[in-house]
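Colleague: I have this model open and would like to learn how to read it. Could you walk me through a few features?

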Protein chains: 2
Amino acid sequence: MITSLFFMALQAAAHASAAGAPPAAVSPSGIVVSAPADAWADVASDRLLVIDLAGSRRLVIELAPEWAPVHVGNIRRLARAGWWDGTSINRVQDNYVVQWGDATEHKPLPAGLNAKPPAEYERAARGLTMRPLDFRDAYADGTGHGAGGWPVAIDRKAGTAWLPHCYGMVGVGRNLAPDTGTGAELYAVIGHAPRHLDRNISVVGRVLAGIEVIAALPRGTEALGFYADPAQRTAIVRARLASDMDASERPRFQVMRPDSASFAAWVRARANRKDDFFVRPAGAVDICNAQAPVRPAP
Amino acid sequence: MITSLFFMALQAAAHASAAGAPPAAVSPSGIVVSAPADAWADVASDRLLVIDLAGSRRLVIELAPEWAPVHVGNIRRLARAGWWDGTSINRVQDNYVVQWGDATEHKPLPAGLNAKPPAEYERAARGLTMRPLDFRDAYADGTGHGAGGWPVAIDRKAGTAWLPHCYGMVGVGRNLAPDTGTGAELYAVIGHAPRHLDRNISVVGRVLAGIEVIAALPRGTEALGFYADPAQRTAIVRARLASDMDASERPRFQVMRPDSASFAAWVRARANRKDDFFVRPAGAVDICNAQAPVRPAP
């Protein structure tokens, strides 16, 4: 469905807008394309973990130090030590996660790493800025978009907030509790949001680019999607922070600001699709179908 | 996360149960493995659309004639005519859908097809048997499992019900309204449930086997995930109903009965994960994270 006809309508709307005409289309994509420059915020380069995979494929992850400071501190340290260079993607479980790290589980960790981070599964909601998403959620009292466009779920009674396990969110692999993982073993969600993992794992970031590469990797045939044959693993050539790359080589991204008029219009349009294809707007959108628009910095 | 340690615990639980001990684990998988034979219902062979792809890969779809009788009638006719043989998968859009059919859009349809099916987007809820899922849903007044284990969403005011766009659900590609598609162009969901498509499209089935094959296909780089190069398409060798295959060759599947005690226990366990890995059960599960267990017939 959503044929090329639909796409042409969308392009036409974007074109009309670019030409100065009021935007006729209320499609979410049309709103993103026509959003003004001040609706976008740059992502700082020390928040970007750039993972180069075999075959000239690249994954770019935005880290969330506000949500998991100790784990993100570890991840930055691991990147600066080149620790992931030569490791691999070892697990791809359909409709669930892609996981990477040291397949041998014996690679020594860099000095200075916090080997026993606290459980950064949720944080106090007090003081949190959030644009509420006014639709029901099965797993939380409320959801919305925090600073930086992060998806957020909240527990009103407990007064806590956390990053939900939406498509493309990145978490820290761990063994059984009270182990919380160090950050050396990471995974990204590649299926329907496994929200039952919320508050059971430290979520440390989101994929800004390249999720379509790892989501298309062959599924592992062993238990939990681990590869049966080590040759099936995808090699990680190197992983580093964008801030440690030459300025000319750094990937640069922008996320739409939740406090912008464009964002408000975009959420409304996501919840009430009225472009030509749709005969019945849903009147709602769940937080994982409303992940903040991202674009390469122009 | 969910390491091999976790998996071992799960296997141990299943083993204990098979040996006659009361099931210690309350893991969903443990419940599925230990469910008695009468908790399962066979899927009739004339409901199974078997699609053989290039490379000896197979997709098996269960059709839902109760939900989209005219479209399913067309699909059965197309399968019996061998219409899909030699067509291809033409579109793979990340976190969205895989779509297949005739890339030329000029292949004549078989005689007797209903070229203008009605909009089978929802049906009357009256008379529908449904095991309710008592958790909030952003898109519907209620959700649950209908006969055959189908996920169901309902609109109390309108008195209607429909099959939601969960991972692996199959719908009918169409152009703009009032076109509803014939059933010749089909897609399967391979990402976070795009529930905004609910009631905008005829949903005709669900993938019982092989979703991990098509979900891992390379994403198309053209608009909407269409392949830029025809060579990237995956050929459909043939598609037929299992009932038209030799009995010895038919794939056979069973779905867990929503009215069984095992199903009730399984939903509870999905909503309240207490196996060793989990430190905080969610207390809820959304309909697309609670798709009925399926197994090859023993």
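Modeller: Let's start with strand pairing: two strands count as a pair if DSSP finds at least two bridges between them. Keep in mind that this is a predicted model. In chain A, 5 strands form an open sheet with antiparallel pairing, in the order E6-E10-E9-E8-E7.

Colleague: Which strands stand at the edges of that sheet in chain A?

Modeller: Strand E6 (123-124) and strand E7 (130-133) of chain A do. Each has a single partner strand, so one side of each is left without a neighbour in the sheet. For E7(A), look at strand E8 (residues 142-146) of chain A: the two pair in the antiparallel sense over 4 bridges. To find the register, locate Pro132(A), which sits opposite Gly144(A) in E8(A).

Colleague: Over to chain B, then. What does E4(B) form with E5(B)?

Modeller: A hairpin, with 3 residues between the two strands. Strand E4 (residues 88-93) and strand E5 (residues 97-101) of chain B run antiparallel, joined by 5 bridges, and Ser88(B) stands opposite Gly101(B). In the turn, check Asn95(B), which has a positive phi of about 55°. E4(B) also pairs with strand E14 (residues 234-241) of chain B, antiparallel over 2 bridges; there, Ile89(B) faces Thr234(B).

Colleague: How many residues of strand E4 of chain B are buried?

Modeller: Buried here means under 20% relative accessible area. By that cut-off, 5 of the 6 residues in E4(B) are buried, so the strand is mostly covered.

Colleague: Now a helix. How do I read which way its residues point?

Modeller: An α-helix has 3.6 residues a turn, so residues three or four places apart point the same way. Try helix H3 (residues 69-80) of chain B, with 12 residues. From first C-alpha to last it reaches 16 Å, close to the 16 Å expected at 1.5 Å a residue. Its buried residues are His71(B), Val72(B), Asn74(B), Ile75(B), Arg76(B), Leu78(B) and Ala79(B).

Colleague: What do the buried residues of H3(B) pack against?

Modeller: Several strands of chain B, among them strand E2 (48-53), strand E3 (57-63) and E14. Just after the helix, Gly82(B) takes a positive phi of about 65°.

Colleague: Last one: how are the two chains related?

Modeller: Ask what it takes to lay one copy on the other. Here a rotation of 180° with 0.0 Å of shift along its axis superposes chain B on chain A, with an RMSD of 0.0 Å. The two copies are therefore related as by a two-fold rotation axis. The same surface serves both: 100% of the contact residues of chain B recur in chain A.

Terms used
Residues are numbered from 1 along each chain as its sequence is written. Chains are lettered from A and ligands numbered from 1 in the order in which they are written. This is a predicted model: local features need pLDDT of at least 70, side-chain atom pairs count only at pLDDT 80 or more; totals for chains, interfaces and linings use all residues. Side-chain values use heavy atoms; hydrogens and water are left out. Copies are superposed by least squares on the C-alpha atoms of residues with pLDDT of at least 70 in both. Contact means heavy atoms within 4.5 Å. Buried means under 20% relative accessible area, exposed over 50%, partly exposed in between (1.4 Å probe, protein chains only). The expected span of a helix is 1.5 Å times one less than its number of residues.
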